[in-house]
Amino acid sequence: RYLLRDSYDVGPENTILIQAAAGGVGLIMIQWAKLLGATVIGTVSTEEKADLAKSYGCDHTINYLTEEFPERVRDITNGGGVDVVYDGVGKVTFEGDLDCLKPRGYLIGYGNASGNFPEFDPLILMDKGSLYFQRAAMYDFVRDRSDLEIMGGELMDLVASGSIKIEVNKTYPLKEAKQAHIDLMDRKTSGSVVYNPWA
């Protein structure tokens with residue numbers, strides 16, 4: 001909720017880009033953004049992940065290993081760019097993210113799978129269209145128990161109703177936590193990765 005409602009209030013008039021759309025967070029965001037009426041573009045690394053993202057409602061997918069994602073975003077949006085980019089990847093996608101945005105667009109960073117977002121000259125935000133950049137942290141949006149109950153409750157209600165489905169494609173025993181992280185870094189996973197401490 002804090003990404004799609006609070007960092008930027010997504011609605012039917014918006015076109016958004018979700019980096020790593022076939023990941024656990026990405027698949028939830030696709031579904032929720034579609035419930036809010038948005039047009040969703042998602043980046044993926046394989047055709048299988050593209051099919052998965054589309055099966056969850058993604059309108060357009062871009063394979064960032066074979067296509068230049070900023071150029072494809074511009075093609076899809078007829079040169080206009082997207083209202084907001086949601087990026088949990090970080091370092092390697094930052095510059096391309098900025099090139100995907102329309103004037104006064106928002107880049108919301110919420111993770112750094114490839115490393116932290118790089119240091120940059122704030123003038124780049126002006127030069128590329130008076131852009132906004134937020135590095136969001138959930139704890140700044142969930143300040144107390146009542147915030148947690150509201151935000152968590154909204155998602156759980158959508159899951160309970162079947163409006164949002166959670167894709168769990170891989171479960172690791174806790175003793176294989178290191179391998180789970182290696183697989184995540186090597187882009188071998190899709191959907192949510194779950195640790196089973198009893199396995």
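The expected span of a helix is 1.5 Å times one less than its number of residues. The views below show a predicted model.

**View 1. Span and burial of helix H2 (residues 24-35).** For the twelve residues of helix H2, a rise of 1.5 Å a residue gives an expected span of 16 Å, and the 17 Å between the end C-alpha atoms agrees with it. Helix H2 is largely enclosed by the rest of the structure, because nine of its twelve residues are buried. The buried residues of H2 are Gly-24, Gly-26, Leu-27, Ile-28, Met-29, Ile-30, Gln-31, Trp-32 and Ala-33. Just after H2, Gly-37 adopts a positive phi of about 95 degrees.

**View 2. The open, six-stranded parallel sheet.** The strands are arranged in the order S3-S2-S1-S4-S5-S6, and their pairing is parallel. Strand S3 (60-63) and strand S6 (132-135) occupy the edges; each has a single partner strand, so one side of each lacks a neighbour in the sheet. From one strand to the next, the twist averages 15 degrees.

**View 3. Pairing of strands S4 and S5.** Strand S4 (residues 82-87) and strand S5 (residues 101-109) run parallel and are joined by five bridges. Val-84 has Tyr-106 of S5 as its bridge partner.

**View 4. Helix H3 against strands S2 and S3.** Helix H3 (residues 47-55) lies across strand S2 (39-44) and S3. With respect to S3, helix H3 runs at about 160 degrees.

**View 5. The aromatic pair of Tyr-8 and Tyr-106.** Eight aromatic pairs are present in the structure. Among them, Tyr-8 and Tyr-106 form an edge-to-face pair, with 5.0 Å from centre to centre and 65 degrees between the planes. This pair connects distant parts of the chain, its members being 98 residues apart: Tyr-8 belongs to the loop between helix H1 (2-7) and strand S1 (15-18), and Tyr-106 to strand S5. Buried means under 20% relative accessible area. Tyr-8 therefore counts as buried, at 15% relative accessibility, whereas Tyr-106, with a relative accessible area of 26%, is partly exposed.

**View 6. A cluster of phenylalanine rings.** Phe-94, Phe-117, Phe-120 and Phe-133 are linked into a cluster by ring pairs.

Terms used:
Residues are numbered from 1 along each chain as its sequence is written. This is a predicted model: local features need pLDDT of at least 70, side-chain atom pairs count only at pLDDT 80 or more; totals for chains, interfaces and linings use all residues. Side-chain values use heavy atoms; hydrogens and water are left out. Two strands pair if DSSP finds at least two bridges between them. Helices (H or I, at least four residues) and strands (E, at least two) are DSSP runs, numbered from the N terminus. Axes are lines fitted to C-alpha atoms, for helices over the stretch in contact, and angles run from 0 to 180 degrees between N-to-C directions. Contact means heavy atoms within 4.5 Å. Buried means under 20% relative accessible area, exposed over 50%, partly exposed in between (1.4 Å probe, protein chains only). Rings of Phe, Tyr and Trp (its six-membered ring) pair if their centres lie within 6.5 Å; planes under 30 degrees apart count as stacked, over 60 as edge-to-face and the rest as tilted.
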